[in-house]
Amino acid sequence: MQPRNMSMSGVVDLAAVKAAQEAKAKAEQARAEAARQGGPGAVSPADLVIDVDEAGFERDVIQRSAEVPVVIDFWAEWCQPCKQLSPVLERLTVEYNGRLLLAKIDVDANQMLMQQFGVQGIPAVFAVVAGQALPLFQGAADETQIRQTLDQLVTVAEQRFGLTGLTVDPDAEPGAAPAAPAMPAGPYDALLEAAVQALDAGDLAGAVQAYKTVLSEDPVNSEAKLGLAQAELLQRVEGADPQQVRKEAADRPTDVRAQIAAADLDLVGGHVEDAFGRLIETVQRTFGDDRDTVRLRLLELFEVVGGDDPRVAAARRALARALF
């Protein structure tokens with residue numbers, strides 16, 4: 001199903017988000033199906049360290065990151081520091097006993113992935129959690145520092161995304177665990193078309209309800225999730241006085257509600273980087289529940305713009321630095 005043109009006054013080109021939405025939807029489908037079948041099958045310790053290339057990246061990293069944080073080790077045969085770091089990462093991955101997965105990427109054979117992650121030098125270590133990329137560290141690091149970083153990663157994955165990891169069975173045959181099958185989407189064309197028509201007619205409440213109806217039956221429907229995020233954004237700014245909203249944000253830089261309201265206006269007005277920058281700065285200034293509220297709104301705005309937009313990729317890296 002091709003995404004429909006849900007007019008957003010120039011905020012986002014839906015064609016640009018299709019690949020990212022589908023990748024995330026497949027990850028969520030795999031996770032939901034595995035849960036219905038009693039959880040993913042057990043894996044052997046050998047399955048916790050895998051070689052990944054461009055062809056298998058979506059399956060082996062993006063989709064797997066819906067059930068376990070995936071650490072990415074960018075390396076090359078000629079890289080001497082890599083030969084020191086990689087064995088440490090491999091050993092620690094096995095020690096974490098399924099709470100993370102290690103994906104090894106040879107940069108000489110996978111230049112496109114290296115460019116997409118913005119890798120400037122190797123070794124470079126990233127993580128993908130629930131489809132979201134996070135930079136961890138670059139260059140040499142001692143085992144204590146690596147362990148502390150992995151501890152933080154596992155904690156974030158468990159507490160904020162509910163990722164409990166994989167079940168490891170020392171007696172399991174390597175590669176024997178079956179992949180969770182994708183869950184077929186339901187026939188929701190009529191409801192989705194009605195939602196688009198409601199958006200075009202300015203009936204935001206009707207559009208929101210139509211998308212929620214689809215999601216109540218098919219929680220991983222990527223088109224409905226994207227449409228709902230857009231409709232709710234437009235609903236939030238409907239009737240707002242832009243001048244007053246921006247004045248309140250300027251007068252109260254630590255007021256979470258004021259900054260979120262201004263960020264919504266920024267995005268609807270097409271000022272994507274301003275919206276992201278405002279919320280990242282607010283994350284840096286806040287703590288506890290306030291920080292989490294801002295983080296969640298920022299993730300919602302990422303959904304609206306699309307994961308393959310370079311502004312989203314840059315903002316994700318900035319958010320990771322602010323959080324870690």
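# Strands, rings and a cavity

Biologist: In S3, which residue is the bridge partner of Asp51?
Modeller: Start with the strands, which are DSSP runs of E with at least two residues; helices are runs of H or I with at least four, and both are numbered from the N terminus. S1 (residues 49-51) and S3 pair in the parallel sense over 3 bridges, where pairing requires at least two DSSP bridges between the strands. In S3, Asp51 has as its bridge partner Lys104.

Biologist: Over how many bridges do S2 and S3 pair?
Modeller: A word on the basis: this is a predicted model, where local features need pLDDT of at least 70, side-chain atom pairs count only at pLDDT 80 or more, and totals for chains, interfaces and linings use all residues. Residues are numbered from 1 along each chain as its sequence is written, and side-chain values use heavy atoms, leaving out hydrogens and water. Val70 finds its bridge partner in S3 at Leu101. S2 (residues 70-75) runs parallel to S3, and the number of bridges is 6.

Biologist: Why is S3 said to be largely enclosed by the rest of the structure?
Modeller: Look at burial, which means under 20% relative accessible area; exposed means over 50%, and partly exposed lies in between (1.4 Å probe, protein chains only). S3 covers residues 101-106, and it is largely enclosed because, of its 6 residues, the number buried is 5.

Biologist: Is Thr93 buried or exposed?
Modeller: Thr93 sits in helix H3 (residues 80-95). Leaving out residues up to four places away in sequence, Thr93 touches Leu48, Val49, Leu100, Leu101 and Leu102, with contact taken as heavy atoms within 4.5 Å. Its relative accessible area is 2%, so Thr93 is buried.

Biologist: What is the phi of Asn97?
Modeller: Asn97 follows in the loop between H3 and S3. Its relative accessible area is 47%, so Asn97 counts as partly exposed. Most residues other than glycine have a negative phi. Asn97 is not a glycine, yet its phi is positive, at about 55°.

Biologist: Which residue joins Ile122 through a cis peptide bond?
Modeller: Most peptide bonds are trans. Here omega is about 0°, and the bond is cis. The partner lies in the loop between H4 and S4. The residue joined to Ile122 is Pro123.

Biologist: How many residues apart in sequence are the parts tied together by the pair of Phe57 and Phe117?
Modeller: A search of the whole structure gives 5 aromatic pairs, that is, rings of Phe, Tyr or Trp (its six-membered ring) with centres within 6.5 Å; planes under 30 degrees apart are stacked, over 60 edge-to-face, the rest tilted. Phe57 and Phe117 form one that is edge-to-face, at 5.9 Å centre to centre and 80° between the planes. Phe57 belongs to helix H2 (residues 57-63), and Phe117 to the loop between helix H4 (111-116) and strand S4 (124-129), so the separation in sequence of the parts tied together is 60 residues.

Biologist: What is the angle between the ring planes of Phe117 and Phe126?
Modeller: Phe117 is buried at 10% relative accessibility, and Phe126 is buried at 8%. Ring pairs link both with Phe57 and Phe74 into a cluster. The ring centres of Phe117 and Phe126 are 5.2 Å apart, and the pair is edge-to-face because the planes meet at 70°.

Biologist: What is the volume of the largest cavity?
Modeller: Rolling a probe the size of a water molecule over the atoms shows where empty space is left. A cavity is a set of points, on a 1 Å grid over the protein atoms alone, where a 1.4 Å probe fits but cannot get out; lining residues have an atom within 4 Å of a point. There are 3 cavities of 30 Å³ or more, with volume taken as the space filled by probe spheres on the points, which are joined across faces, edges and corners. For the largest cavity, the volume is about 130 Å³.

Biologist: Which helix supplies the largest share of the lining of the largest cavity?
Modeller: The lining has 15 residues, with Gln132, Leu134, Phe161, Leu319 and Leu323 nearest the centre. Strand S5 (132-138) and helices H5 (143-161), H12 (288-305) and H13 (310-323) each give at least two residues. The largest share is 4 residues, from H13.

Conventions: 1 Å grid on protein atoms, 1.4 Å probe; cavity = no way out; pocket = protein on both sides within 12 Å on 5 of 7 lines; lining within 4 Å.
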